[in-house]
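Please read these notes with the structure open beside you. They are meant to be followed point by point.

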Amino acid sequence: MTHASQVAWQIEVDRLEVWDTDQGTGELWEVEAWVGGDLQRLWLRSEGSRSDGRTDNADIELLFGRSVTPWWEVLAGVRQDTRPASRSWAAIGVEGTAPGMIELTAMAYAGSGGQVQLKAEAAYDVRFSNRLILRPSLEATAALDDEPDQGIGSGLNGIEAGWRLRYEISPRFAPYVGVVHERLFGGTAAHARAAGDAARDTRVVAGLRGWW
């Protein structure tokens, strides 16, 4: 008797978007892939952004995930930054679904020089119909130490709020449009202003979301 394999895999493009503002054009990506079973998975993730044809930041993560409840998974592994500078980090965190079907991710990163970064994300799907879905999201980052050469201040670095309205042509493929507001705080905002950049930015975006 032949049994189905217990190993599955998936590739997801969470965000693949572009924008065009008075400050210039830009692109952003957030993609991930996993392989494993119901209790244990190996994750590969990458995210980054570009502006005016230049890559501003980019990283890749390799994480091992272990389910601790039907709704929550503990993650541990490494992150490698490639832009704006090469840097390695140890990573640990959790992700899952909170009451109300709110998707949450909270990660801590420990890098060279004693730097520690924290990152938290929350998102929720509001369904107007089976195909038309609004996805509000909120992301916050913080750092332990001030690093002027990296443009990073200690404490809360920034918050990004987004509202993306997608139309699911199929459950696996959905174009979207949205509005994103980003604000920097404290030393990170001061470093941005010193470099001639704005501490606040609001932009209209368009993109694609899908999985296989």
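1. Contact here means that heavy atoms lie within 4.5 Å. The model is predicted. Leaving aside neighbours within four places in sequence, Met 107 is in contact with ten residues' worth of surroundings listed here by name: Glu 61, Leu 63, Leu 75, Ala 91, Ile 92, Gly 93, Val 94, Gln 117, Leu 118 and Lys 119.

2. Met 107 also belongs to the largest nonpolar core, which has eight residues. The other members are Trp 34, Trp 43, Leu 63, Leu 75, Trp 89, Ala 91 and Tyr 109. Two elements, β6 (87-98) and β7 (102-111), each give two or more residues to this core. Another core, of five residues, lies apart from it and includes Trp 19, Tyr 176, Val 180 and Val 205. In soluble globular proteins, nonpolar side chains tend to be buried together.

3. Strand β2 (residues 24-36) pairs with strand β3 (residues 40-51) in the antiparallel sense, over eleven bridges. One of the bridges joins Trp 29 to Gly 48 in β3. Three residues stand between β2 and β3, which form a hairpin.

4. β3 also runs antiparallel to β4, with twelve bridges joining them. Ser 49 has Asn 57 in β4 as its bridge partner. This hairpin has two residues between its strands, and Asp 52 takes a positive phi near 50 degrees there.

5. Which side chain of opposite charge is nearest to Asp 59? It is Arg 79, 4.5 Å away. Asp 59, in strand β4 (residues 54-67), is buried yet has no salt bridge; a salt bridge would need a nitrogen-to-oxygen distance within 4 Å. Among the contacts of Asp 59, leaving aside neighbours within four places in sequence, are Arg 45, Glu 47, Arg 79 and Asp 81.

Methods:
Residues numbered from 1 in each chain as written. Predicted model: local features only at pLDDT ≥ 70, side-chain atom pairs only at ≥ 80, totals over all residues. Heavy atoms only, no water. Core = buried A, V, L, I, M, F, W, Y, C linked by side-chain atoms within 4.5 Å. Buried < 20%, exposed > 50% of the residue type's maximum accessible area, 1.4 Å probe, protein only. Helix = DSSP H or I, 4+ residues; strand = E, 2+ residues; numbered from the N terminus. Lys, Arg positive; Asp, Glu negative; His and termini not counted. Pairing = 2+ DSSP bridges.
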